[in-house]
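Welcome, and please open your viewer. We will go from stop to stop, and at each one you will hear what to select and what to look for.

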Amino acid sequence: MVSMWLCLVGLLAHTQAADHCSPEGGVCQEDHHHCSGEYHSGLCPGGVHNRCCMPTGSHSSGCPGLTIVSRSQWGARAPKSVSHLRNPVSQVFIHHTETPACFNEHDCSVRMRGIQNFHMDSRGWSDIGYSFLVGEDGRIYEGRGWDKVGAHTKGYNSVALALSFMGSYMTHNPGKAALDAAQAWLGCAISKGMITSSYKLYGHRDAGSTDCPGDSLYALIRTWSHYDHHGKPHH
Ligand SMILES: [Zn+2]
């Protein structure tokens, strides 16, 4: 009996070492087994029931190289109301928050809660305005999410997703970690079917009178391959 138990433990340890599916220690296993966390799809080979059991508190984006801090992880309030987008959308707007930047998950989570409070309590919106935000820590923070109408770009909220860089980018650009995260997020949005593979990218100022996302960041995004130099955003 004891030797069988040892054998089983050895087998499990071996399986876990071989089948890690997230940097935080997620493990691929058949999803009828108990998971002391949450199951996530799309990260494990084999059948649909071979899924990634991730420890509670870990970050799953379902996309390689991309860390998404979920609403519950940064401590979001519940939205006052929710409207659904029709995905995939074909336009993405880039913003900046014009707040101080943040460089670790704790500080960025504090910043997220502050922005959400400002948008809900001072602006009177139903939730934080942006679809997603990105910190100088290289993490993506879930705002309204992939498939919800936001309050970010007047006239385009129901036909676009918005990614906002946390910081103020008039005279300098976000660091490499944030820029890499933004590119990974765009790729992830395509792979999940949330934006079209031929999506057009704009800065907030392309849709209205604002200096958002800052002179420096605006000049940078105009070098990105999906930036629309020839057209205008459409409603
Ligand atoms: Zn903006």
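The tour starts with the whole chain and then turns to single residues.

**Stop 1: the whole chain**

Before selecting anything, keep in mind that this is a predicted model. Show the chain as a cartoon: its secondary structure comes to 5 helices and 9 strands. If you trace the cartoon along the sequence, you will pass through the pattern α-β-β-β-β-α-β-α-β-β-β-α-β-α. Now turn the model around and look at its dimensions: the C-alpha trace spans about 75 × 35 × 35 Å along its principal axes.

Switch on the surface next. The accessible surface of the chain comes to about 11,900 Å², and 55% of that belongs to carbon and sulfur atoms. Of the 235 residues, 43% count as buried. How far apart in sequence are the residues that touch each other? Among contacts between residues at least 6 apart in sequence, 64% join residues at least 24 apart.

You can also colour the charges. The chain has 18 positive and 19 negative charges, and the mean positions of these two groups are 8 Å apart.

**Stop 2: the two domains**

Select residues 20-58 and give them one colour, then select 68-221 and give them another. These are domain 1 and domain 2 of the domain assignment. Their C-alpha centres lie 28 Å apart.

While domain 1 is coloured, pick out Val-27. Val-27 is found in strand E1, which covers residues 27-30, and at 10% relative accessibility Val-27 counts as buried. Then select Leu-186 and draw a distance line between the two C-alpha atoms: Val-27 and Leu-186 are 26 Å apart in space and 159 residues apart in sequence.

**Stop 3: the zinc ion**

Which protein atoms are the donors of the zinc ion? Select His-95, His-204 and Cys-212 and show their side chains. The donor atoms are ND1 of His-95, ND1 of His-204 and SG of Cys-212, lying 2.1 to 2.2 Å from the zinc ion. Along the chain, the donors follow the spacing H-x108-H-x7-C. His-95 lies in strand E5 (residues 89-96) and His-204 in the loop between strand E9 (195-203) and helix H5 (215-221), so this pair ties together parts that are 109 residues apart in sequence.

Are these two histidines buried or exposed? With buried meaning under 20% relative accessible area, His-95 counts as buried at 1%, and His-204 counts as buried at 17%.

**Stop 4: two cis peptide bonds**

Stay with Cys-212 and add Pro-213 to your selection. The peptide bond from Cys-212 to Pro-213 is cis, with omega near 10°. Pro-213 has its place in the loop between E9 and H5.

For another cis bond, select Asn-87 and Pro-88. The peptide bond between them is cis too, with omega near 0°. Pro-88 lies in the loop between H2 and E5.

**Stop 5: Arg-71 and what surrounds it**

Select Arg-71, which has its place in helix H2. At 15% relative accessibility, Arg-71 counts as buried. Leaving aside neighbours within four places in sequence, Arg-71 is in contact with a list of residues, among them Ala-78, Gln-116, Asp-127, Glu-142 and Arg-144.

Follow one of these contacts to Ala-78, which lies in the loop between H2 and E5. Unlike Arg-71, which counts as buried, Ala-78 counts as exposed, at 59% relative accessibility. Beyond its neighbours within four places in sequence, Ala-78 is in contact with Arg-71 and Met-120. Now draw a line from Ala-78 to Ile-128: their C-alpha atoms are 10.0 Å apart, with their positions 50 residues apart in sequence.

**Stop 6: two more loop residues**

Ser-81 is in the loop between helix H2 (71-74) and E5. At 45% relative accessibility, Ser-81 counts as partly exposed. Select Trp-125 as well: Ser-81 and Trp-125 are 44 residues apart in sequence and 9.2 Å apart in space, C-alpha to C-alpha.

End with Glu-98, in the loop between E5 and helix H3 (105-122). Phi of Glu-98 is near 55°, a positive value in a residue other than glycine. At 52% relative accessibility, Glu-98 counts as exposed.

Technical notes:
Residues are numbered from 1 along each chain as its sequence is written. This is a predicted model: local features need pLDDT of at least 70, side-chain atom pairs count only at pLDDT 80 or more; totals for chains, interfaces and linings use all residues. Side-chain values use heavy atoms; hydrogens and water are left out. Helices (H or I, at least four residues) and strands (E, at least two) are DSSP runs, numbered from the N terminus. Buried means under 20% relative accessible area, exposed over 50%, partly exposed in between (1.4 Å probe, protein chains only). Contact means heavy atoms within 4.5 Å. Accessible areas come from the Shrake-Rupley method with a 1.4 Å probe; for residues, only the protein chains shown count as cover. Lys and Arg count as positive and Asp and Glu as negative; His and the chain ends are not counted. The place of a charge is taken as NZ of Lys, CZ of Arg, CG of Asp or CD of Glu. Donors are N, O and S atoms within 2.8 Å of the metal (3.2 Å for Na, K and Ca); water is not among the atoms, so sites may look incomplete. Domain bounds come from an automatic or database domain assignment.
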